[in-house]
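Please open the structure shown below in a viewer and keep the sequence at hand. The tour proceeds by selections, each followed by a description of what is found there.

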Amino acid sequence: MKTGVDFIQFVDSDAEEENAAVAPVTPVSNNNIIVQNNSNNTDNTNHNAPETTAGHKRKRDGYGSDTEGSTGPPSGCPWMGHRQYSKLGSVPRMLTQELKDFVDFISPSREEHKIRQYVHRRIQRSVERLWSDAQVVVFGSFETRLYLPSSDMDIVVLRKRPFATEDLYTLSKTLRREGVAKEIIVISKARVPLVKFKETISDLPVDISFNITNGIDGARTAKQYMDEVPALRSMTLLVKHFLMTKALNEVFHGGIGSLTTMIMIMSFLQMHPKIQQGVINPEDNLGVLLIEFFELYGNCFNYANVGLSVTDGGAYFDKIQNPIGQAFKGGRPGELLLCSVDPNDENNDTARGSYQLRRIREAFVRAYGSLTRNVQQRRAELFGSELSANNKPAGHIRFDNKNRVPADSVTKSSGLHHQTEVSLIKDILSIPMEILEHRRHIEDVFYRGQYQVMFGEPTGINGLDAMEGF
């Protein structure tokens with residue numbers, strides 16, 4: 001296995017971020033639109049900052065200094081707030097900032113995380129009453145805080161003795177009798193037996209497994225990787241949400257699960273030439289990195305022969321020569337298969353159940369095309385489509401104090417004759433109405449205080465003060 005080798009042959013570009021154009025939609029490697037490694041280029045507005053007034057609901061707004069004069073986000077883009085992205089000076093910066101705002105918007109709020117803690121404690125109390133020797137551990141995306149608003153909670157029950165099939169049914173009956181669970185499904189004959197249900201107060205979906213510890217190890221590894229590569233968290237949330245909106249995120253239905261998604265992103269970041277060389281700060285280049293991610297796995301990656309490993313700095317490997325690759329290289333004729341090595345178990349291919357990879361790749365291709373077109377169009381609207389000989393924009397549009405183009409502007413753009421900003425990502429990253437309604441429901445559940453009364457804790461925002469990591 002060769003480490004650090006660029007199998008995909010990324011093409012370098014000497015164009016600076018300010019003036020670089022996004023590559024056209026073709027199945028060849030891209031021009032790299034970058035922001036040089038400079039932390040001063042980033043707007044560090046915290047869109048998750050809570051209100052401090054006791055007893056009041058926390059708001060997800062928190063606007064920076066670039067919001068004055070804006071009338072609000074375009075329809076269906078609540079993550080944009082009142083920020084004026086067109087003041088950021090270049091389209092790549094606008095794209096990166098909008099992606100950061102999107103990540104802030106879909107990241108767990110303090111109320112949402114606290115509710116999940118209460119759900120865990122409620123289930124734990126019931127299980128421990130049933131089996132006094134049991135440990136009830138929550139793992140997966142809860143532990144890493146990489147969960148989406150609609151994500152399942154993954155819980156494992158650990159005991160020293162093996163679980164029998166009747167134990168799954170005993171637990172399901174107990175949870176129903178105590179009013180903890182509804183819509184219960186027992187899956188006893190799967191490779192990993194589960195009890196699936198919705199918790200009755202929050203309506204959160206929960207999966208309980210038994211004596212399976214690899215998920216706990218996986219969460220620990222994910223935390224380590226996120227500490228090493230900060231951009232990993234943002235990109236993982238973005239790609240997970242993208243796959244969720246396409247119904248391609250469930251391994252049970254042939255999609256890509258959370259671990260495989262993270263491995264694909266981690267591998268991409270590890271093997272990226274400009275990140276390897278320390279030329280760019282990934283957090284300051286989320287926009288171009290997301291475009292390149294979709295291009296790599298949509299247009300360029302050789303799924304037939306190349307597998308992914310993220311251990312020891314990351315590597316691509318030959319599936320034909322590598323034992324794990326050979327073990328899973330087969331499949332039905334014409335079937336497209338990804339091979340990704342579990343960093344905690346080199347004999348486990350995390351993507352072996354992702355039989356919908358052809359659909360996933362097609363979705364990546366469309367996302368790449370959509371983002372590149374939107375960036376090119378927005379750049380032409382703001383800066384004109386012509387470049388001078390020294391690679392500078394031919395001319396800039398003059399704005400009035402309300403971010404509108406004056407009637408006497410030399411270069412006019414109909415898209416800028418109003419105060420509403422333009423989203424570069426809404427064609428690929430939308431937030432379904434049911435997700436917004438679910439988030440409102442969770443917030444209402446928190447402020448009603450039913451869990452707090454149950455566990456003898458302060459109600460309202462006072463119950464959030466002791467939370468760590470927010």
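What follows is a tour from the whole chain to a sheet, the nonpolar cores and one buried serine.

**The whole chain.** Begin with the entire chain, bearing in mind that this is a predicted model. It has 470 residues, of which 53% count as buried. Colouring by secondary structure should bring out 13 helices and ten strands. Of the contacts between residues at least 6 apart in sequence, 66% join residues at least 24 apart. With a surface displayed, the exposed area is about 21100 Å², and carbon and sulfur atoms supply 48% of it.

**The five-stranded sheet.** Next, select the open sheet whose strand order is S2-S3-S6-S5-S4; its pairing is mixed. At its edges lie strand S2 (135-139) and strand S4 (181-187), each of which pairs on one side only. From one strand to the next, the twist averages 25°.

Now restrict the view to S4 and strand S5 (residues 194-199), which run antiparallel and are joined by five bridges. Within this pair, Ile-187 has Leu-194 of S5 as its bridge partner. Add helix H4 (residues 165-177), which packs on the sheet and touches S4, S5 and strand S6 (205-210). The direction of H4 makes about 175° with that of S4.

**The largest nonpolar core.** Which residues have the most contacts inside the largest nonpolar core? Select Phe-293, Phe-294 and Tyr-297; the core to which they belong has 74 residues. Elements that each supply at least two residues of this core include helix H1 (91-106), helix H9 (286-300), strand S7 (306-309) and helix H12 (433-448). The largest share, ten residues, comes from H11.

Centre on Phe-293 and display its surroundings. Leaving aside neighbours within four places in sequence, Phe-293 is in contact with Met-235, Val-239, Met-264, Ile-265, Phe-268 and Phe-364.

**The second core.** Then select Ile-115, Tyr-118, Leu-168 and Val-445, which are among the residues of a second, separate core of 37 residues.

**A serine in H11.** Finally, move to helix H11 (residues 357-383) and select Ser-370, which is found in this helix. Is Ser-370 buried or exposed? Ser-370 counts as buried because its relative accessible area is 9%, the cut-off being under 20%. Beyond neighbours within four places in sequence, Ser-370 is in contact with Asp-427 and Ile-428. Displaying these two residues together with Ser-370 completes the tour.

Technical notes
Residues are numbered from 1 along each chain as its sequence is written. This is a predicted model: local features need pLDDT of at least 70, side-chain atom pairs count only at pLDDT 80 or more; totals for chains, interfaces and linings use all residues. Side-chain values use heavy atoms; hydrogens and water are left out. Helices (H or I, at least four residues) and strands (E, at least two) are DSSP runs, numbered from the N terminus. Buried means under 20% relative accessible area, exposed over 50%, partly exposed in between (1.4 Å probe, protein chains only). Contact means heavy atoms within 4.5 Å. Accessible areas come from the Shrake-Rupley method with a 1.4 Å probe; for residues, only the protein chains shown count as cover. Two strands pair if DSSP finds at least two bridges between them. Axes are lines fitted to C-alpha atoms, for helices over the stretch in contact, and angles run from 0 to 180 degrees between N-to-C directions. A nonpolar core is a set of buried Ala, Val, Leu, Ile, Met, Phe, Trp, Tyr and Cys residues joined through side-chain atoms within 4.5 Å.
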